[in-house]
Amino acid sequence: MEDLTALAELHLARAQTDDRGRSAHLFLHDGPLRQSVIAMRTGAELDEHEAPPAASLQVLHGRVRVATEGNGAIDLEAGQLTRLPQLRQTLQALDDAVVLLTAVTATPGCGDPHAEPAATVPGHAA
């Protein structure tokens, strides 16, 4: 079991002294499920990156801005949660902030999560 409050405090303190202004810790890795705490001091940014097949972002402390390619930006504050679209995106700390990133990665045999569903054959279960 992890103490998110303690992780948030620890990594926010580390972000304050980091050259890039951030600190992150992957604390849960179970098959395709990943959960990470990411702390960022005011003004720090995660450069544009690819999104995993499925992800959510919950703000534990402070305020952040998530900007997605072609989708604009959304500002989130402590207590708010959003689904992250599968688009290139950036994350910026508007205040000292800590977020919980939950991601599900692609796994062999699962196929493309954005592909059209396969047609079913009559008489066979989907």
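These exercises work through the fold of one predicted model.

Residues are numbered from 1 along each chain as its sequence is written. In this predicted model, local features need pLDDT of at least 70, side-chain atom pairs count only at pLDDT 80 or more, and totals for chains, interfaces and linings use all residues, while side-chain values use heavy atoms, with hydrogens and water left out.

**Exercise 1. List the elements of the chain in order.**

Step 1. Count them: the chain has 1 helix and 9 strands. Helices (H or I, at least four residues) and strands (E, at least two) are DSSP runs, numbered from the N terminus.

Step 2. Read from the N terminus: α-β-β-β-β-β-β-β-β-β.

**Exercise 2. Work out the strand order of the open sheet and find its edges.**

Step 1. Two strands pair if DSSP finds at least two bridges between them. The open sheet has 5 strands in the order 1-2-9-4-7, with antiparallel pairing.

Step 2. Strand 1 (22–30) and strand 7 (81–83) each have a single partner strand, so one side of each lacks a neighbour in the sheet.

Step 3. From one strand to the next, the twist averages 15 degrees.

**Exercise 3. Trace the hairpin of strand 1 and strand 2.**

Step 1. Strand 2 covers residues 33–40, and 8 bridges join it to strand 1.

Step 2. Find partners in strand 2: Arg22 is bridged to Met40, and Leu28 to Gln35.

Step 3. Look at the turn. The hairpin has 2 residues between its strands, and Gly31 there has a positive phi of about 60 degrees.

**Exercise 4. Place helix 1 against the strands.**

Step 1. Helix 1 (residues 4–17) lies across strand 1, strand 2, strand 4 (54–61) and strand 9 (97–104).

Step 2. Its angle to strand 1 is about 145 degrees. Axes are lines fitted to C-alpha atoms, for helices over the stretch in contact (heavy atoms within 4.5 Å). Angles run from 0 to 180 degrees between N-to-C directions.

**Exercise 5. Map the nonpolar cores.**

Step 1. A nonpolar core is a set of buried Ala, Val, Leu, Ile, Met, Phe, Trp, Tyr and Cys residues joined through side-chain atoms within 4.5 Å. Buried means under 20% relative accessible area (1.4 Å probe, protein chains only).

Step 2. The largest core has 16 residues. Met40, Leu57 and Val99 are among those with the most contacts inside it.

Step 3. Strand 2, strand 4, strand 5 (63–68), strand 8 (89–93) and strand 9 each give two or more residues to this core.

Step 4. Another core, of 9 residues, lies apart from it and includes Leu7, Leu12, Phe27 and Leu100.

Note on methods. Buried means under 20% relative accessible area, exposed over 50%, partly exposed in between (1.4 Å probe, protein chains only).
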